[in-house]
Amino acid sequence: MTPTSPPVTLATPLSLRSSFRFPVQHAQARREVLLGAALLLVFPLGWLLNMGHRIALVHAMHRGQPAWPAWPAWGRQGWDWAGWGTLLRHGWLTFLGMVQYHSPALAAEALAWGLHSPALHLLAALLWVLATAAVPGYMTHYCLNLDLREIFDPWRALRRVHEGGRAYWHAWGVVLCALACSFLGLLAGGVGFLVSSVWFWQVAGFSFATVFTQRFELGAAAGPPPLTPQTN
């Protein structure tokens, strides 16, 4: 058992290194990335479960608990059906929030095609970008207390994005770098891209959760990072 770098938590300053390392910082985390990749083969169920998994990670850290394990018991350990159902519910509800936020853009795009209007195409694109920017504004706060009111209030989400300031846009810079790196998984074929996709989404979730957790001092995760290094 050899010591490694201090664990990456939501109290760790956000950087490319900390965000890229978060999903793979020890053996348990890496196993959960691989399980998430396998679940993506069962689309869209696996995608929703991965969404719920990221919520479970942040929720645990907000409560001062270890982020892993976040997948429920499975296989020879038995099946924690209630746990899997909870992850699916969280994934489904947050997905519905995404649909709500992006629905004005979809409506504008439908009108643009029907009316052959370049101006409406532009409006649809702007609304889509605005909605995408707003989604992280509810994710982290929902993870804290799992309150549905956090998801379906776009004005509250946009206000938090505004209050996130430069740190929020720094998180977007990290996320876009991770997105570019995730395509390297294609070099290992389809399976490699499944793994890199799960890694990317966990990097994105961690990056935005770090910004909002520190900005709004959410839960136990807002405190100083642990000093005890983790071991593999």
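Q: What span is expected for α3 at 1.5 Å a residue, given that α3 has 18 residues?
A: In this predicted model, α3 runs over residues 45-62 and holds 18 residues. The helix reaches 26 Å from its first C-alpha to its last, which is close to the span expected at 1.5 Å a residue, namely 26 Å.

Q: Is α3 mostly covered or mostly open, and how many of its residues are buried?
A: A residue counts as buried when its relative accessible area is under 20%. Judged by that cut-off, α3 is mostly covered, and the number of its 18 residues that are buried is 15.

Q: Which residue just after α3 takes a positive phi?
A: The residue in question follows directly on the helix and has a phi of about 75°. Its name is G64.

Q: Which proline is joined to F43 by a cis peptide bond, and in which loop does that proline lie?
A: Most peptide bonds are trans. The bond between F43 and P44 is cis, however, with omega at about 5°. The proline is therefore P44, and its place is the loop between α2 (27-39) and α3.

Q: Where does P69 lie, and what is the omega of the peptide bond from W68 to P69?
A: P69 belongs to the loop between α3 and α4 (81-115). The peptide bond that leads from W68 to P69 is cis, and its omega is near 0°.

Q: Is H116, a residue with a positive phi, buried or exposed?
A: H116 is found in the loop between α4 and α5 (118-134), and its phi is near 55°, a positive value in a residue other than glycine. Because its relative accessibility is 67%, and the cut-off for the open class is over 50%, H116 counts as exposed.

Q: How does the accessibility of L146 class this residue: buried, partly exposed or exposed?
A: L146 is located in the loop between α6 (136-145) and α7 (154-182), where its phi, near 55°, is positive although the residue is not glycine. Its relative accessibility is 29%, and the middle class covers values between the limits of 20% and 50%. L146 therefore counts as partly exposed.

Q: Which residues does H90 touch, leaving aside those up to four places away in sequence?
A: H90 has its place in helix α4, and because its relative accessibility is 6%, it counts as buried. With residues up to four places away in sequence set aside, the contacts of H90 are G52, I55, Y142 and L146.

Q: Which helix gives the most residues to the largest nonpolar core?
A: The largest nonpolar core has 43 residues, and those with the most contacts inside it are L10, F22, Y101, Y138 and Y168. At least two residues of this core come from each of α3, α4, α5, α6, α7 and α8. The helix that gives the most, with 9 residues, is α8.

Q: Which residues does Y168 touch, not counting those up to four places away in sequence?
A: Y168 is among the residues with the most contacts inside the largest nonpolar core. Leaving out residues up to four places away in sequence, Y168 touches A133, P136, V161, F208, V211 and F212.

Q: Which element gives the largest share of the lining of the largest cavity?
A: The largest cavity holds about 50 Å³ of space, and its lining consists of L10, F22, R54, L57, V58, M61, Q202, G205 and F206. Two or more of these residues come from α3 and likewise from α8 (189-216). By class, the lining divides into 6 nonpolar, 2 polar and 1 charged. The largest share, 4 residues, comes from α3.

Q: How many residues of each class line the largest pocket?
A: About 670 Å³ of space lies in the largest pocket, which is lined by 27 residues, with M98, V135, P136, M139 and W201 lying nearest its centre. Among the elements that give two or more residues to this lining are α3, α4 and α5, while α8 gives the most, with 6 residues. The classes in the lining are 22 nonpolar, 4 polar and 1 charged.

Notes. Residues numbered from 1 in each chain as written. Predicted model: local features only at pLDDT ≥ 70, side-chain atom pairs only at ≥ 80, totals over all residues. Heavy atoms only, no water. 1 Å grid on protein atoms, 1.4 Å probe; cavity = no way out; pocket = protein on both sides within 12 Å on 5 of 7 lines; lining within 4 Å. Points joined across faces, edges and corners; volume = space filled by probe spheres on them. Nonpolar A, V, L, I, M, F, W, Y, C, P; charged D, E, K, R; others polar. Buried < 20%, exposed > 50% of the residue type's maximum accessible area, 1.4 Å probe, protein only. Expected span 1.5 Å × (residues − 1). Core = buried A, V, L, I, M, F, W, Y, C linked by side-chain atoms within 4.5 Å. Contact = heavy atoms within 4.5 Å.
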